[in-house]
Amino acid sequence: MAAALGVAHIGCGAIGIFRAEAVAQTPGLKLVVVADVRQEAAEPLARRFGCAWATDWEKAVSRPDVDMVIVSTPPHLHATMTLTAIAQGKHVLCEKPLAHTLEDAHRMCDAAQARGVFLKTGFNHRYFPSMAFARSLIDQGRLGDVISVRAYAGHPGGKEFGPAWVTDGRVTGGGSLVDNGIHILDLTRFFLGEVATGKGYVANLIWPFPAAEDNSFALFRSAQGAIAQVQASWTEWRGYVFWVETVGTKGYVRASYPPMFAEWGETTPGNRAKRRYNLFPAFQVQERLFSWRWTIVQSFVQEMTDFARGIQRGNEVPATGQDGLKAMAMAHAIYRSSQQGGDEVSVG
Ligand SMILES: NC(=O)c1ccc[n+]([C@@H]2O[C@H](COP(=O)([O-])OP(=O)(O)OC[C@H]3O[C@@H](n4cnc5c(N)ncnc54)[C@H](O)[C@@H]3O)[C@@H](O)[C@H]2O)c1
């Protein structure tokens, strides 16, 4: 059996704590060091998991016993941290959105390829059971050819849903579309395939956030003519929710969270499908016992297990850096389109 990969984890905030928990549960990984500018965040986490801590992330990354770096800091720091780690030959799992600007995302992907290391984007929503189930129906050919996707992600935009920097476009590179929206942009590609063009509007309908829209409404089209409709919102008063509905020539699946749920059906064109439901009962029980945190950590464990195996075998594992870049390109296409009054623009 290959030796465990040493992990340096940068950023011990809300997500960093979950990520550190997930590393501890992931076969093939060993948490070596956690880093945060705030000693009060790094030290207790290190004590909890029996690893070293640092307030200087560069020192953590350059340790010889570190093979892989996880970047869980605000997005304007992703590029510098990722590029430094890559330059030292470390594999990187970087949180979403991959970068603050498209140019940075390109540089990160190019650097990983040139250095021969793997870059993975933190699109853990692909590992949510409802989403993985939807993908498996497509893979089995049960829905036929995918012709359309409708996707939605929303939350109320208040303090409960992230630190203050989340709503500052100068830190994140955008608004709702690159925050909660970036997951459904990725899932749209995951189910529909590549999109070629996009059009849409972004707006601050209620929140006066700097350079960060609270709503975006987008349409995308693939080169083959398949269409996707995507809305990302920070005015979803019911609370955090996301869903993706995929329609194929022979059926449909609507996957959502929370709760973890999928509705699907197989049919022939023109005929009503018998509705079927997947309630993921084991997940419902675990979540009832351990809250939504359990779901997030489990998605991270699966994501990191895949990444660790890929590194050991020399295989790149989706969602890659390129996947992170392409989701950002979709968001930026909508920003351009909105500035041009909703014109159709090319993605990429
Ligand atoms: N995958 C998901 O579903 C998901 C959900 C929420 C957030 N995120 C992403 O995770 C990342 C972190 O988000 P968060 O909610 O944990 O933010 P957070 O503000 O709670 O945590 C960020 C941490 O980074 C630390 N930090 C800042 N500058 C640093 C530096 N120079 N060196 C070391 N540490 C530094 C901060 O002190 C803080 O502890 C972001 O990229 C965010 O978009 C992902």
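A residue counts here as buried if 20 or more other C-beta atoms lie within 10 Å of its own, as exposed if 12 or fewer do, and as partly exposed in between. The exercises below apply to a predicted model.

**Exercise 1. The faces of helix α2**

Task: Determine which residues of helix α2 (residues 39-49) are buried, how they are arranged about the helix axis, and what they pack against.

Solution.
- Step 1. Applying the burial criterion to helix α2, which spans residues 39-49, one finds that Ala42, Leu45 and Ala46 are its buried residues.
- Step 2. Viewed down the axis of α2, these buried residues fall within an arc of 100°, and therefore they line one face of the helix.
- Step 3. On the face of α2 turned away from the buried side, the exposed residues Glu40 and Arg47 are found.
- Step 4. The packing partners of the buried residues of α2 are α1 (14-25), β2 (29-35) and β3 (52-54).
- Step 5. Just after α2 comes Gly50, whose phi is positive, at about 65°.

**Exercise 2. The shell around the ligand**

Task: Describe how many residues surround the ligand, which of them are closest, and how the shell divides by class.

Solution.
- Step 1. The ligand is surrounded by 24 residues, of which Gly11, Gly13, Ala14, Ile15 and Glu95 are the closest.
- Step 2. Among the contributing elements, α1 gives the most to this shell, with 3 residues.
- Step 3. Sorted by class, the residues of the shell comprise 12 nonpolar, 8 polar and 4 charged.

**Exercise 3. Two domains and their contact**

Task: State how the chain is divided into domains, and characterise the side of domain 1 that touches domain 2.

Solution.
- Step 1. Domain 1 consists of 5-124 + 300-320, while domain 2 consists of 128-289 + 327-346, so that each is written as two segments of the chain by the domain assignment.
- Step 2. The C-alpha centres of domain 1 and domain 2 are 26 Å apart.
- Step 3. Contact between them involves 14 residues of domain 1 and 12 residues of domain 2, and on the domain 1 side the touching residues are 9 nonpolar, 4 polar and 1 charged.

**Exercise 4. Tracing an open sheet**

Task: Establish the order of the strands in the open sheet of 9 strands, identify its edge strands, and follow the pairing from β8 to β12.

Solution.
- Step 1. Strands of a sheet pair through backbone hydrogen bonds, in either a parallel or an antiparallel sense.
- Step 2. The 9 strands of this open sheet follow the order β14-β13-β12-β11-β7-β10-β9-β8-β15, with mixed pairing; β14 (276-278) and β15 (345-346) are the edge strands, each of them pairing on one side only.
- Step 3. Strand β8 (residues 197-203) runs antiparallel to strand β9 (residues 215-221), to which 7 bridges join it, and Gly198 has Phe220 in β9 as its bridge partner.
- Step 4. Between β9 and strand β10 (residues 227-233) there are again 7 bridges in the antiparallel sense, with Phe217 partnered by Gln231 in β10. These two strands form a hairpin with 5 residues between them, and Gly225 in the turn takes a positive phi of about 100°.
- Step 5. The pairing of β7 with β10 is parallel and comprises 7 bridges, Val149 having Ala228 in β10 as its bridge partner.
- Step 6. Strand β7 (residues 146-154) also pairs with strand β11 (residues 241-248), in the antiparallel sense and over 8 bridges, and here Ser148 stands opposite Val247 in β11.
- Step 7. From β11 the pairing continues to strand β12 (residues 251-257), antiparallel and over 7 bridges, where the bridge partner of Trp243 is Ser256 in β12.

**Exercise 5. Backbone exceptions in loops**

Task: Locate the cis peptide bonds from Pro258 to Pro259 and from Pro318 to Ala319, and decide whether Phe280 and Ser291 are exposed or partly exposed.

Solution.
- Step 1. Most residues other than glycine have a negative phi, and most peptide bonds are trans.
- Step 2. From Pro258 to Pro259 the peptide bond is cis, with omega near -10°, and Pro259 is found in the loop between β12 and β13 (261-266).
- Step 3. From Pro318 to Ala319 the bond is likewise cis, with omega near -5°, and Ala319 belongs to the loop between α10 (292-313) and α11 (321-339).
- Step 4. Phe280, although not a glycine, has a positive phi of about 45°, and its place is in the loop between β14 and α9 (281-290). Because Phe280 has 19 C-beta neighbours inside 10 Å, it counts as partly exposed.
- Step 5. Ser291, also a residue other than glycine, has a positive phi near 75° and lies in the loop between α9 and α10. With 10 other C-beta atoms within 10 Å, Ser291 is exposed.

Definitions and conventions:
Residues numbered from 1 in each chain as written. Predicted model: local features only at pLDDT ≥ 70, side-chain atom pairs only at ≥ 80, totals over all residues. Helix = DSSP H or I, 4+ residues; strand = E, 2+ residues; numbered from the N terminus. Arc of directions from axis to C-beta. Contact = placed C-beta atoms within 7 Å. Near = placed C-beta within 6 Å. Nonpolar A, V, L, I, M, F, W, Y, C, P; charged D, E, K, R; others polar. Pairing = 2+ DSSP bridges.
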